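The following exercises introduce a structure step by step. Please attempt each task before reading its solution.

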Amino acid sequence: MTYLRAVLLVAEKDLKVELRSREQVVTLLFFALLVLVVFNFAFDFTVIDFVTLGPGVLWVAFIFSGVLAISRSFQIEREQDRIQGILLAPIDRSAFYLGKVAATVLFMAAVETILVPVAVVMFNFRFNSQTALVVLAFILNTIGFAAVGTLFAAMTTSTRRAELLLPLLLFPAAVPVALAAVKTTTHLLAGHPFAAYSHWVLMSAAYDVIFLAAAVLLFDEALEE
Amino acid sequence: MSEPAEKPPGTAWSGLTEQALFVLVAILVPVCLHAIFRAVPTEEKMGVVQRIFYFHVPSALAGFLGVGLCALFSALYLWRRDRRLDLLAHASAELGVMFLTIVLLTGPIWARPVWGVWWTGEARLTSTLVLWLLYAGYLILRQSTENPEQGARFCAVIGLVGALDVPIIYYSVEWWRGLHPKVLKISGGQGLDAEMAKALTLCSTTFILLFLLLLLQRVRLGRLQDEVESLTLVANRRAPYTEPA
């Protein structure tokens, strides 16, 4: 079995589980929606421009629901010790990691795809042609967040304070992702030229590459023996 | 049994270094205090409060040293799997968090009269706070693992990932916004008065030595904890539970 095929199989397994139970994405979506509603109450968007606050609000919603997605992704492996089966499978453990990251990115992307139009309607924002590039910023930063989150979740699920520990470790480590995501989105929505935010896009890409590589090397250590 | 059969290797060396460091620090701390409060001229614009600089900057150096050493020992631990390396990584992280706490406490005391605010969203403040949060998480993770071996492995991963993350966090927050005074020439400031530079060097040296002293003591403490644990295990095995008469 080739490496890539192993990665795809792990991701496919998570997607199949999700398609059959349909519990995760729906729950995540409602959670993210609730975050938007809370912000809708907290700030008066008839006075504040969406470009100023919108990206921050959106990314808080994505990051909060993303943490839930990542910790759930390892919880289901812990239930009935399913993880033992995967660890015994004749695949490289880093392939298991990359498959998990891929599935998490897809779940988060699904939430993002539905949430952005909702936010646009909710906060009365007008789209222009350039705003479509936001997708690129979303993908790059979602990958970075899922890459570090999945590595950390593999460790925190086998500790005593699993659900509490993951955000505690992940949020500080993901600060560059959050900043880059919010800044890129803000620049894009404001219609600035690419040169104004190219360094942020580069940072997101560098973050993805660095931490995917580091996690592939370190993932063995992050599993319980 | 009169003497412990064998001491772990390196104990004699570290014991001697610890004593030497203790004497050095004990002499240097009063000298530093004299330098800070008597010898150094008062800063022209900021006044007396500027003297906190001689605690703030050396603590920052010691804090960053802790974070750096933690990454180094974490990497070495994953390579050699030596319990001593893990003790060193743990002690470095603990001291890093402690010195960064001093940085985060002394900073606002200085900022209030000089900037007019306790705290701003300024770059270096934010990145130091993020760093502090990251390594506080490291210490909490260590307490939450099920056994020391697992804790050592997981924390080594966090220590390494954290070290990779530090420069990225720093640049991202710097691009986000920056306004911290750049005093030292390396960071683009106009440099210090000669007297002040001397005092700063003295205080930094003292803090680094203090850091090393505390590091050795913390490692010794960790080793003693290990010993107590294994002795308790042996004692429990030798004295099986008997029904009370």
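**Exercise 1: Contacts within chain A**

Task: Among contacts in chain A between residues at least 6 apart in sequence, state what percentage join residues at least 24 apart.

Solution: The model is a predicted one. Step one is to define a contact: the C-beta atoms of two residues, placed from the backbone, lie within 7 Å. Step two is to keep the contacts in chain A between residues at least 6 apart in sequence; of these, 86% join residues at least 24 apart.

**Exercise 2: Elements and overall dimensions of chain A**

Task: Determine how many helices and strands chain A has, and decide whether its radius of gyration agrees or disagrees with that of a compact globule.

Solution: Begin with the elements: chain A contains 9 helices and 0 strands. Read from the N terminus, their order is α-α-α-α-α-α-α-α-α. Next, consider the dimensions. Along the principal axes, the C-alpha atoms of chain A fill a box of roughly 55 × 35 × 30 Å. For 225 residues, a compact globule would have a radius of gyration near 17 Å; the value for chain A is 18 Å, so the two agree. Finally, buried residues account for 45% of the 225 residues in chain A.

**Exercise 3: The contact between the chains**

Task: Identify which helix of chain B gives the most to the side that touches chain A.

Solution: First, count the participants: 26 residues come from chain B and 23 residues from chain A. Second, list the helices of chain B that each supply at least two residues to its side of the contact: H4 (123-144) and H5 (148-176). Third, select the main contributor: H5(B) gives the most, with 16 residues. Sorted by class, the side of chain B that touches chain A has 18 nonpolar, 5 polar and 3 charged residues.

Key:
Residues are numbered from 1 along each chain as its sequence is written. Chains are lettered from A and ligands numbered from 1 in the order in which they are written. This is a predicted model: local features need pLDDT of at least 70, side-chain atom pairs count only at pLDDT 80 or more; totals for chains, interfaces and linings use all residues. Helices (H or I, at least four residues) and strands (E, at least two) are DSSP runs, numbered from the N terminus. Ala, Val, Leu, Ile, Met, Phe, Trp, Tyr, Cys and Pro count as nonpolar, Asp, Glu, Lys and Arg as charged, and the others, Gly among them, as polar. The radius of gyration is taken over C-alpha atoms; the globule rule is 2.2 Å times the number of residues to the power 0.38. A residue is buried if 20 or more other C-beta atoms lie within 10 Å of its own, exposed if 12 or fewer, and partly exposed in between; C-beta atoms are placed from the backbone.
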